[in-house]
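I opened this notebook page to record what I looked up in one model. My entries follow in the order in which I made them.

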Amino acid sequence: MVLKATGIVRRIDELGRVVIPKEIRRTLRIREGDPLEIYTERDGGIILKKYSPIGELSQNALELAQSLHRTFSLPAAICDKDSYVACAGLGKRSLFGKAISAEVDRAVTSRSRILATEPSDTRYALLEEDDPAFICSSLILMPIVSQGDALGAVLLFSQKPDVPIDSAAVKACETAAIFLGSQMEA
């Protein structure tokens with residue numbers, strides 16, 4: 001692991017708190033209320049890492065994405081609130097580990113579904129950077145919610161302008177999102 005020095009020094013207050021500077025929170029997409037995992041090193045170092053509950057279920061998420069892809073012959077992905085944790089049907093160009101777009105982030109944060117099952121002139125960006133390989137014309141996005149908290153989303157999409165997505169796919173994505181949400185409660 002390579003650590004990058006920021007040159008920022010903060011003091012611990014009387015309650016044991018340390019403020020993470022706004023620039024770092026913005027860069028790492030850390031929001032108020034986000035869980036952080038704390039690691040300690042043998043030499044006395046402390047590492048804070050954003051905790052992803054969906055990431056803990058990465059094997060289940062991958063199997064669900066692969067099942068959706070095999071069933072509907074469309075690319076499928078599962079994301080947490082920051083990046084894609086599982087994907088299937090994309091070949092060598094993958095979404096895995098890449099940052100979600102602002103559009104996907106808004107849908108997850110607001111617990112909103114996107115049901116664009118008929119191709120239209122509207123295009124949906126899946127990645128933060130404008131990668132034309134991940135602009136789609138048809139998209140199902142089902143938020144993963146557990147105990148009232150939005151944790152991520154299940155996505156099934158088409159990058160081809162003439163491929164609709166049927167209602168069975170909508171129900172399958174909804175079921176996958178409910179399953180992942182219930183796994184978080186177990």
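Strands here are DSSP runs of E, at least two residues long, numbered from the N terminus. The model is predicted.

Entry 1, the surface patch. I looked up Ile-38 and found that Ile-38 belongs to strand S1. I then asked whether Ile-38 is buried or exposed. Its relative accessible area is 61%, and exposed means over 50%, so I recorded Ile-38 as exposed. I noted next that Ile-38 forms a nonpolar surface patch with Leu-36, Ile-46 and Leu-48, and that together they have about 400 Å² of accessible area. At least two residues of this patch come from strand S1 (36-40), and at least two from strand S2 (46-50).

Entry 2, the sheet. I traced an open sheet of five strands, paired antiparallel in the order S4-S3-S9-S8-S5. Which strands stand at the edges? I found S4 (84-88) and S5 (114-116) there; each has a single partner strand, so one side of each lacks a neighbour in the sheet. From one strand to the next, the twist averages 15°.

Entry 3, the pairing of S5. I followed S5 to strand S8 (residues 138-146) and recorded three bridges between these antiparallel strands. Ala-116 has Leu-139 in S8 as its bridge partner.

Entry 4, the helices. I examined helix H5 (residues 167-185), which packs on the sheet and touches S3, S5, S8 and S9. The direction of H5 makes about 25° with that of S8. Helix H4 (residues 102-109) lies across S3 (76-80), S4, S5, S8 and S9 (149-158). I noted that H4 runs at about 130° to S9.

How values were computed:
Residues numbered from 1 in each chain as written. Predicted model: local features only at pLDDT ≥ 70, side-chain atom pairs only at ≥ 80, totals over all residues. Heavy atoms only, no water. Pairing = 2+ DSSP bridges. Axes fitted to C-alpha atoms, helices over the stretch in contact; angles between N-to-C directions. Contact = heavy atoms within 4.5 Å. Patch = residues over 30% accessible without salt bridge, like charges linked within 9 Å, V, L, I, M, F, W, Y side chains within 5 Å. Areas by Shrake-Rupley, 256 points an atom, 1.4 Å probe, with all protein chains shown as cover. Salt bridge = Lys/Arg side-chain N within 4 Å of Asp/Glu carboxyl O. Buried < 20%, exposed > 50% of the residue type's maximum accessible area, 1.4 Å probe, protein only.
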